[in-house]
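Grab your favourite viewer and work through the exercises below at your own pace. Each one sets a task and then walks through a solution.

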Amino acid sequence: MASERQIGSTSALARSLLDLCRSRKLMIATAESCTGGLVAAALTDIPGSSDVIDRGFVTYSNEAKRAMLGVEASTLQTFGAVSKETAIQMAVGALERADVDLAVAITGIAGPGGATPGKPVGLVYFAVAARDGRITHREHRFGAIGRSAVRNRSVLEALRLLMELARPQVAAKPKRAAATRLRPRVARAPRLHPVKRPRRPRT
């Protein structure tokens, strides 16, 4: 029952994302590791998605991440494939190679194996890059909820992140300047001597 609701919400979110991108003439690319192309599948499952979806990269191995997305070997060696740094480079690489407006990247440990010290099963990193230079990244620890559940929840999170960057930016309202006096008061110096006023003549 829960999985049916999740499938429904994924489909609705994917449809909303496609409608938004279509109205703003935005194109999307995906770069996926632990989800194995599920984000691209959720989007292309909807008829007419070809005017928004350009391509999807499934880069499961480190070699694929380097060759297809340009992830640096030093990044993989220093931070690991499952890291914020790798996710960001995956998203930027997809953006550059596909020449699209938005790109999302996912890398994580879906389980049941693969955990390492500090990186448990259910740890997933996300990154979304936009053509205007904006980059958003997230870390989620879904826990050992099962391989399918981790992957499905990752798809939902990726779609949400894409929605956030696809929405038009709201310009910040300029702060109102504090009201100032047009004629500032000038402190008057005290009189040193009393002023003598002339007496009026008596009549």
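**Exercise 1. Work out how strand E1 sits among its neighbours.**

Step 1. Start with the side chains: Ile28, Thr30 and Glu32 point one way from E1, while Ala29 and Ala31 point the other way, and all of them are buried. Keep in mind that this is a predicted model.

Step 2. Now judge the strand as a whole. Because five of the five residues of E1 (residues 28–32) are buried, the strand is largely enclosed by the rest of the structure.

Step 3. Look for the pairing partners. E1 runs parallel to strand E2 (residues 53–58), and five bridges join them. Within that pairing, Ala29 has Arg55 of E2 as its bridge partner.

Step 4. Follow the chain between these two strands. It passes from E1 through helix H2 (residues 38–44) to E2, and this β-α-β crossover is right-handed.

Step 5. Turn to the other partner, strand E3 (residues 102–108), which pairs with E1 in the parallel sense over five bridges. Here Glu32 is matched with Ile106 of E3.

**Exercise 2. Find the partner of Arg66 in a salt bridge, and explain how the two residues are placed along their helix.**

Step 1. Search around the side chain of Arg66: it forms a salt bridge with Glu63, with an N to O distance of 2.6 Å.

Step 2. Place the pair in the chain. Arg66 and Glu63 are three residues apart in helix H3 (residues 62–69), so about one helical turn separates them.

Step 3. Recall the helical geometry. An α-helix has 3.6 residues a turn, so residues three or four places apart point the same way.

Step 4. Check the surroundings. Arg66 is partly exposed at 34% relative accessible area, and Glu63 is also partly exposed, at 46%.

**Exercise 3. Trace the salt bridges around helix H6, then test the length of the helix.**

Step 1. Begin with the total: the whole structure has 10 salt bridges.

Step 2. Pick out the one between Glu164 and Arg138, where N and O are 3.0 Å apart. This pair links distant parts of the chain, with Glu164 in helix H6 (residues 147–166) and Arg138 in strand E5 (residues 135–141), 26 residues apart.

Step 3. Compare accessibilities with the limits for "partly exposed", 20% and 50%. Glu164 has 35% and is partly exposed; Arg138 has 29% and is partly exposed as well.

Step 4. Extend the search outwards. Arg138, Glu157, Arg160 and Glu164 are linked in a network of salt bridges. One of these, Glu157, is among the buried residues of H6.

Step 5. Test the helix length. At 1.5 Å a residue, the 20 residues of H6 should span 28 Å, and the end C-alpha atoms are 29 Å apart, which agrees.

Step 6. For contrast, visit another salt bridge: Glu139 meets Arg141 with the closest N and O atoms 2.8 Å apart. Glu139 is partly exposed, at 41%.

**Exercise 4. How many disulfides does the structure hold, and are Cys21 and Cys34 buried or exposed?**

Step 1. Count the disulfides: there are zero.

Step 2. Take each cysteine in turn. Cys21 is buried, at 0% relative accessible area. Cys34 is buried too, at 3%.

**Exercise 5. Describe the setting of Thr75.**

Step 1. Locate the residue: Thr75 is part of helix H4 (residues 73–79).

Step 2. Check its accessibility. A value of 5% makes Thr75 buried.

Step 3. List its contacts beyond four places in sequence: Gly80, Glu85, Thr86 and Gln89.

**Exercise 6. Identify backbone features that depart from the usual pattern.**

Step 1. Set the baseline. Most residues other than glycine have a negative phi, and most peptide bonds are trans.

Step 2. Inspect omega. The peptide bond from Gly111 to Pro112 is cis, with omega near 0 degrees. Pro112 lies in the loop between E3 and strand E4 (123–130).

Step 3. Inspect phi. Lys25, which is not a glycine, has a positive phi of about 55 degrees. Lys25 belongs to the loop between helix H1 (2–24) and E1, and it is exposed at 70%.

Step 4. Look at Asp99, another non-glycine residue with a positive phi, near 55 degrees. Asp99 sits in the loop between helix H5 (84–98) and E3 and is exposed at 61%.

Methods. Residues are numbered from 1 along each chain as its sequence is written. This is a predicted model: local features need pLDDT of at least 70, side-chain atom pairs count only at pLDDT 80 or more; totals for chains, interfaces and linings use all residues. Side-chain values use heavy atoms; hydrogens and water are left out. A disulfide is a pair of cysteine sulfur atoms within 2.5 Å. Buried means under 20% relative accessible area, exposed over 50%, partly exposed in between (1.4 Å probe, protein chains only). A salt bridge is a side-chain nitrogen of Lys or Arg within 4 Å of a carboxyl oxygen of Asp or Glu. Helices (H or I, at least four residues) and strands (E, at least two) are DSSP runs, numbered from the N terminus. The expected span of a helix is 1.5 Å times one less than its number of residues. Two strands pair if DSSP finds at least two bridges between them. A crossover is right-handed if, with the strands pointing away from the viewer, the path from the first strand over the helix to the second runs clockwise. Contact means heavy atoms within 4.5 Å.
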